[in-house]
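User: I am new to this entry and should like to be guided through it by question and answer. Please begin with what holds the chains to each other.

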2 protein chains.
Amino acid sequence: MASAEFWYEFASTYSYPAALRIGPLAEERGVTVAWRPFLLGPIFAAQGWRDSPFNIYPAKGRYMWRDLERICGAMGVPLKRPEPFPQPSLLAARVALALEGDERAEFSRQVFAAEFGRGSPIADRAMIAALLAKCGADPVATLERAESDANKALLKTETSRAAEAGVVGAPCLVTEDGEVFWGNDRLEQGLDWAAGRRRERPSAIAPLSR
Amino acid sequence: MASAEFWYEFASTYSYPAALRIGPLAEERGVTVAWRPFLLGPIFAAQGWRDSPFNIYPAKGRYMWRDLERICGAMGVPLKRPEPFPQPSLLAARVALALEGDERAEFSRQVFAAEFGRGSPIADRAMIAALLAKCGADPVATLERAESDANKALLKTETSRAAEAGVVGAPCLVTEDGEVFWGNDRLEQGLDWAAGRRRERPSAIAPLSR
C-alpha cells in the first residue's frame with residue numbers, strides 16, 4: 001500500500017488545517033499516513049531565525065492570518081489566535097511522539113483544535129492531560145513516557161531526520177521516493193504523488209504566439 | 001463584470017506558471033484580469049533582504065526549484081533555470097508597463113517563457129526587442145516609451161501601490177474587495193473569490209471525538 005510521512009509542528013498555523021484534512025484525503029487515495037511530529041525551532045535556527053517568520057516579517061504575518069481565516073472559513077472550522085504566538089510546542093510534541101498510530105493522530109488533531117480552534121495554551125500540562133483523556137489515553141502514564149530521556153532523545157532524532165529529508169517548514173508531506181511537498185496547500189498534490197497519480201496538465205494554459 | 005488585479009514580477013519563479021495559467025482560469029470564471037507588473041526589490045528590501053529569499057535560504061531554494069519542476073511538469077511546460085538567478089527584471093517591467101491590455105499580457109507571458117522556459121537572459125535589450133516583435137508591438141517605439149521618465153516614475157508608483165495593497169510576494173491576486181491571494185497555488189481560490197464563488201468545505205475533515 002502506498003504511504004507518506006506527514007511532518008508537522010504544533011506551533012505551525014498551517015499544520016492545523018492540514019492535520020484536520022489529511023485523514024480523509026489520504027483515505028480517498030488509498031495512502032497510509034505516518035504522523036511525524038517534529039520541532040521547527042532547530043530548522044528555523046539554521047536559517048538564522050529565533051522566532052516565527054510570521055512575527056519577524058509582520059507583513060507576511062498579517063497575510064498568513066487572513067489567509068488562514070479564509071481557509072478555515074471554507075472548511076467550516078473555527079480559528080482563534082492563541083496568545084502568545086507561536087505557542088511553546090515542546091511538551092505537545094513529546095506527548096504525540098509517545099503515542100502511536102491512530103492515538104497519535106487523534107491526540108494531534110485535538111491539540112490543533114484546542115490551540116487554533118479555541119485559542120488555548122498548549123504548553124499547559126493540565127490541558128495536555130485533558131486532551132489525552134479525551135483520546136482515551138492514560139494521561140499520567142503517557143506524560144511519564146513523553147518525558148522520559150529516551151523519548152526526549154527520540155524527538156531530537158526525529159527533528160534531525162526531518163531536516164535530512166528536506167523538510168523546510170511545516171507541514172510537509174514526504175513520499176516513499178523522497179519527494180517533499182510543503183504546505184497545507186500541497187496535501188492533495190503530495191498524496192496524489194504518493195498514490196502514483198501524477199496529474200498531467202491540471203489546468204489549461206494560455207497559448208503563446210510563436 | 002468581476003475583476004481582479006494580477007501583480008507579478010519578472011524575476012519571480014512562481015509568476016511563470018501563474019502567468020501562463022491565469023488567462024484560461026479567469027475566463028472560465030468570467031473574471032477580467034488587470035496585469036500589473038511591479039518590482040519585488042523594494043518590498044524585499046523593506047524586509048531586510050537584498051537578494052532572493054531562495055538564495056538567502058538555500059534549503060528553501062532547493063525546495064522551490066524542485067516544486068517548480070513538478071508544477072511545470074504537470075502543466076507540460078519546460079523549465080530551465082536562468083543564470084544568474086534572479087534575473088534583473090527592471091527593463092522587462094518597464095516595457096510591460098508601457099504596453100496595454102492584451103499586448104501587455106502577451107508580452108509578459110513571452111518574457112516568462114523565454115526566462116524560465118528557455119533560460120534566456122531578460123535584461124538583454126535585443127531579447128526584449130525580439131519578444132516585442134513576436135507580440136506585434138513596435139520594439140523601438142515601445143522601448144522608448146518604456147524608458148521615458150514618466151514610465152519609470154509610474155513603475156515606482158505601481159510598486160508602492162502593490163505594497164499598500166498588501167502584496168507581500170509574487171504573484172499576488174488582489175480582488176475588488178481588497179483580498180490578497182499570494183502564490184501560483186492561490187490563483188483558483190482568488191479568482192473564485194473575485195467571481196463571488198467562495199467555496200464551502202473544499203475537502204472533508206476528520207471528525208474529532210468530543
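Analyst: The discussion concerns a predicted model. At the interface of chain B and chain A, the salt-bridge rule is met eight times. One of these salt bridges joins the side chains of A:R186 and B:D67, with an N to O distance of 2.7 Å.

User: Which elements of chain B give two or more residues to the side that touches chain A, and which gives the largest share?

Analyst: The elements that reach this threshold include the helices α1 (15-29), α6 (101-117) and α10 (187-194) of chain B. Strand β4 (180-182) and helix α4 (58-75) of chain B belong to the list too. The largest share is ten residues, and it comes from α4(B).

User: How do the residues on that side of chain B divide into nonpolar, polar and charged?

Analyst: The side of chain B that touches chain A holds seven polar residues and 15 charged ones. The nonpolar residues there number 24.

User: How many residues are in contact between the two chains, and what area do chain B and chain A bury between them?

Analyst: In chain B, 46 residues are in contact with 46 residues of chain A. Between chain B and chain A, 15 residue pairs are in polar contact, counting pairs with both residues at pLDDT 80 or more. Of the area buried between the chains, 55% lies on carbon and sulfur atoms. The buried area is about 4,300 Å².

User: In what order do the four strands of the open sheet in chain A stand, and why is one side of each edge strand left without a neighbour?

Analyst: The four strands of chain A form an open sheet with mixed pairing, in the order β2-β1-β3-β4. Each edge strand has a single partner, so one side of it has no neighbour in the sheet. The edge strands in question are β2 (32-37) and β4 (180-182) of chain A.

User: In what sense do β1 and β3 of chain A pair, and which residue is the bridge partner of A:A4?

Analyst: Strand β1 (residues 3-8) of chain A pairs with strand β3 (residues 172-175) of chain A over four bridges, in the antiparallel sense. The bridge partner of A:A4 lies in β3(A) and is A:T175.

User: Which helix of chain A lies across the four strands, and at what angle does it run to β3(A)?

Analyst: Helix α10 (residues 187-194) of chain A lies across β1, β2, β3 and β4 of chain A. The angle of α10 to β3(A) is about 10 degrees.

User: What is the strand order in chain B, and what is the average twist from one strand to the next?

Analyst: Chain B has an open sheet of four strands with mixed pairing, in the order β2-β1-β3-β4. Its edge strands, β2 (32-37) and β4 of chain B, each pair on one side only. From one strand to the next, the twist averages 20 degrees.

User: Where are B:P84 and B:P86 found, and what is omega for the cis peptide bond that joins each to its partner?

Analyst: B:P84 is found in the loop between α4 and α5 (90-98) of chain B, and B:P86 is found in the loop between α4 and α5 of chain B. The cis peptide bond of B:E83 and B:P84 has an omega of about -10 degrees. For the cis peptide bond of B:F85 and B:P86, omega is about -5 degrees.

Technical notes
Residues are numbered from 1 along each chain as its sequence is written. Chains are lettered from A and ligands numbered from 1 in the order in which they are written. This is a predicted model: local features need pLDDT of at least 70, side-chain atom pairs count only at pLDDT 80 or more; totals for chains, interfaces and linings use all residues. Side-chain values use heavy atoms; hydrogens and water are left out. Contact means heavy atoms within 4.5 Å. Buried area is the accessible area (1.4 Å probe) that two parts lose on being put together, summed over both. A salt bridge is a side-chain nitrogen of Lys or Arg within 4 Å of a carboxyl oxygen of Asp or Glu. A polar contact is a pair of N or O atoms within 3.5 Å; within protein, one must be able to donate a hydrogen and the other to accept it, and residues adjacent in sequence count only if both atoms are side-chain atoms. Ala, Val, Leu, Ile, Met, Phe, Trp, Tyr, Cys and Pro count as nonpolar, Asp, Glu, Lys and Arg as charged, and the others, Gly among them, as polar. Two strands pair if DSSP finds at least two bridges between them. Axes are lines fitted to C-alpha atoms, for helices over the stretch in contact, and angles run from 0 to 180 degrees between N-to-C directions.
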